[in-house]
Amino acid sequence: MHLFHARGDKDVSFANSLYCQRQLASHGADQQLSDVGQFDHSTTVLKALPQVVLEFDSEIE
């Protein structure tokens, strides 16, 4: 599981992503959390989406 978040997001607390990451890890999940930067919520999606697509593409090959 790869989580993406931005520390600049004022709509969703970065602490929520950290909590999710800890919960996944505590259950043995292979997980990673990436901070895409100091962006608002909408820009976070724009910054993370290309990375998500690359990960899906790499899983197919």
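Read from one end of the sequence to the other, the protein chain runs β-α-β-α, which amounts to two helices and two strands. Helices (H or I, at least four residues) and strands (E, at least two) are DSSP runs here, numbered from the N terminus. The structure is a predicted model, in which local features need pLDDT of at least 70 and side-chain atom pairs count only at pLDDT 80 or more, while totals for chains, interfaces and linings use all residues. Residues are numbered from 1 along each chain as its sequence is written, and side-chain values use heavy atoms, with hydrogens and water left out.

On confidence, the chain does well by its own score: pLDDT (the predictor's confidence in each residue, from 0 to 100) averages 92, and 98% of the residues score at least 70. Among the elements, H1 has the highest mean value, 95, and H2 the lowest, 89.

As for overall dimensions, the C-alpha atoms fill a box of roughly 35 × 30 × 10 Å along the principal axes. The accessible surface comes to about 4500 Å², with 55% of that belonging to carbon and sulfur atoms; areas come from the Shrake-Rupley method with a 1.4 Å probe, and for residues only the protein chains shown count as cover. Of the 61 residues, 25% count as buried, where buried means under 20% relative accessible area, exposed over 50%, and partly exposed in between (1.4 Å probe, protein chains only). Contacts (heavy atoms within 4.5 Å) reach a long way along the sequence: among those between residues at least 6 apart, 62% join residues at least 24 apart.

The N-terminal strand is a good place to start on the details. His-2 sits in strand S1, which covers residues 2-5. Setting aside neighbours within four places in sequence, His-2 is in contact with Gln-32, Ser-34 and Glu-55. Two of these partners also turn up in polar contacts, meaning pairs of N or O atoms within 3.5 Å (within protein, one must be able to donate a hydrogen and the other to accept it, and residues adjacent in sequence count only if both atoms are side-chain atoms). The His-2 side chain meets that of Ser-34 at 2.6 Å and that of Glu-55 at 2.2 Å.

Just past S1 comes the loop that leads to helix H1 (14-26), and Ala-6 belongs to that loop. Ala-6 is buried, because its relative accessible area is 0%. Leaving out neighbours within four places in sequence, its contacts are Phe-14, Asp-35, Val-36, Gly-37, Phe-39 and Thr-44. Ala-29, by contrast, is 23 residues from Ala-6 in sequence and 22 Å away in space, C-alpha to C-alpha.

Thr-44, one of the partners of Ala-6, is found in helix H2 and is buried at 7% relative accessible area. Beyond residues up to four places away, Thr-44 touches His-5, Ala-6, Asp-9, Val-36 and Phe-39. The C-alpha atoms of Thr-44 and Phe-4 are 8.2 Å apart, although 40 residues separate the two in sequence. In helix H1, Ser-17 is likewise buried, at 11% relative accessibility. Its contacts outside four places in sequence are Leu-3, His-5 and Leu-33.

The structure holds one salt bridge, a term for a side-chain nitrogen of Lys or Arg within 4 Å of a carboxyl oxygen of Asp or Glu. The side chains involved are those of Arg-7 and Asp-35, at 3.1 Å from N to O. Arg-7 is in the loop between S1 and H1 while Asp-35 is in strand S2 (residues 32-35), so the pair ties together parts that are 28 residues apart in sequence. Both ends are partly exposed, with Arg-7 at 46% relative accessibility and Asp-35 at 36%.

That leaves the outer side of helix H2 to describe. Val-53 lies in this helix, which spans residues 41-60, and counts as partly exposed because its relative accessibility is 42%. Together with Val-45 and Leu-49, Val-53 makes a nonpolar surface patch of about 250 Å². Patches are made of residues with over 30% relative accessible area and no salt bridge, like charges being joined within 9 Å and nonpolar side chains (Val, Leu, Ile, Met, Phe, Trp, Tyr) within 5 Å. Asp-57 is also in H2 and is partly exposed, at 38% relative accessibility. The C-alpha atoms of Asp-57 and Arg-7 are separated by 26 Å, with their positions 50 residues apart along the chain.
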